[in-house]
Amino acid sequence: MFRGIRSCFHGARSSDSSTVADRDPVLLVSGIAGSILNSKSKKNGSETRVWVRILLADLEFRRKLWSIYNPETGYTESLDVDSEIVVPQDDYGLYAIDILDPSTFVKCLHVSDLYHFHDMIEMLVGCGYEKGTTLFGYGYDFRQSNRIGQIMDGLKEKLVTAYKASGGRKVNLISHSMGGLLVSCFISLHSDVFSKYVNKWITIATPFQGAPGCINDSILTGMQFVDGFESFFFVSRWSMHQLLVECPSVYEMLPNPGFNWKKEPEVLVWRSNSSDGEATVTQESYGCNECVSLFAEALKNNELDYDGDTVPLPFNFAILEWAADTRELLNKTEIPAGVSFYNIYGTSFETPFDVCYGSESSPINELSEICHSTPEYTYVDGDGTVPSESAVADNFEAVERVGVCATHRGLLCDENVYTLIKNWLGVSTEEVKSRKSKTSKVVHADLVFSNQSCK
């Protein structure tokens, strides 16, 4: 987790104005959990960072970020009625997706898990891109649906801003993870706008057909972003679970039941049964569609205590219906003529696919016990989060698709990825004054990058 201690005031290098090249602007789009979220008081306008933070993380998370879905509006709304969740817009949108906890403590120790787009921002600045003129960021409230109006309007505003700031040049989009689904939704809903303002779209580690193991388990038991000793200072898995159950964005990343999987992803449960006084243990299997009944039964008694009140949080069928409409939208997305598409996906890492609860020797009695159990996974090739099978299945006409041996977040700071991006953006080695020249072979479409870390 720790890359080593650097200067507490380490930051992105500023570019010499004389080296700023005449180039198209770049807009970076983050994925789920990849944006700083602040809680803004409705009374006095003061803001408190609630995602991400190390110190007092779980306490502030429960107080300010726990939410409930409003089926009438399609938005997830915070239980804290005295505040609202906002994304800081500092540094042309780059601040919110750079270092997710920009505290002095994190900067001094250079906690790598929280350095999100930081290295890529530095790389682009080193290549001559200038913040506010040719380099911008888009962070958003990732609790919400990928097609909700607020997020769609925000992306349109960023595209227009980048277009105008660069003197009317079309924008090159670089999205990560769920950010690719957001862009896909935008194309379906605002194809004319996308065609007008976008030149190239480079997507990285996008779960085009879902992330089966990770998302199925997230709905049932939550998600742990930080492992080991550091997890005691971070948001607990249970606290995260209570948020994710009410997030449309999570439901929208469930495995696509209409996709032709090599093997359909499953949730497996070892169950104990009693018949005529005799106990037996059997393994139950739930496919993409059958999982719904499992989710409903396992979460039927799920609830949390908030400010003295009990808030029921069962599996949300209203969100599932909304997510199903989003999936239909994603399945129909077509990239407009004139926009070039590139896909980078992770390979060579064990990636959760099937997930199993209980065991033959220690079976599950009631399905509600699943929410407090430890999962076991069956793995496939991918980036540790998104299976390669899903990430490569964009259903678009791509200029290139390239597999890179790196983890889901590691793709954002991988030199092979940077080589690809610079090549696709048309940045020559000679233009990069502030970085040492490095030779790296760019593979052709649908081939795979490999490096020593993957051996």
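This is a short talk about a four-stranded sheet, a pair of crossing helices and the confidence of the model.

Hi everyone. What we have here is a predicted model, so let me begin with how confident the predictor is. The average pLDDT over the chain is 89, and 87% of the residues score at least 70. Two stretches are another matter: pLDDT stays under 50 over residues 1-21, and also over residues 434-453. Please keep that in mind when you look at those stretches.

Now to the sheet. Its 4 strands are ordered β11-β10-β15-β16; the sheet is open, and the pairing is mixed. At the edges sit β11 (278-286) and β16 (376-382), each of which pairs on one side only. From one strand to the next, the twist averages 25°.

Let's zoom in on one pair. Strand β15, residues 349-357, runs antiparallel to β16, and 7 bridges join the two. If you want a place to start looking, find phenylalanine 349, which stands opposite glycine 382 in β16. And what packs on this sheet? That is helix α7, residues 212-221, which touches β10 (267-275), β15 and β16. The direction of α7 makes about 40° with that of β15.

Finally, the helix pair. The axes of α5 (residues 179-189) and α11 (residues 317-331) come within 9 Å and cross at roughly 75°. The two helices are therefore roughly perpendicular to each other. Who meets whom? From α5 we have Leu181, Ser184, Cys185, Ser188 and Leu189, and they meet Thr326, Leu329 and Leu330 in α11. Sorted by class, this contact has 5 nonpolar residues, 3 polar ones and no charged ones.

That's my tour, thanks for listening!

Technical notes. Residues numbered from 1 in each chain as written. Predicted model: local features only at pLDDT ≥ 70, side-chain atom pairs only at ≥ 80, totals over all residues. Heavy atoms only, no water. Pairing = 2+ DSSP bridges. Axes fitted to C-alpha atoms, helices over the stretch in contact; angles between N-to-C directions. Contact = heavy atoms within 4.5 Å. pLDDT = per-residue confidence, 0-100. Parallel < 35°, antiparallel > 145°, perpendicular 65-115°, else oblique. Nonpolar A, V, L, I, M, F, W, Y, C, P; charged D, E, K, R; others polar.
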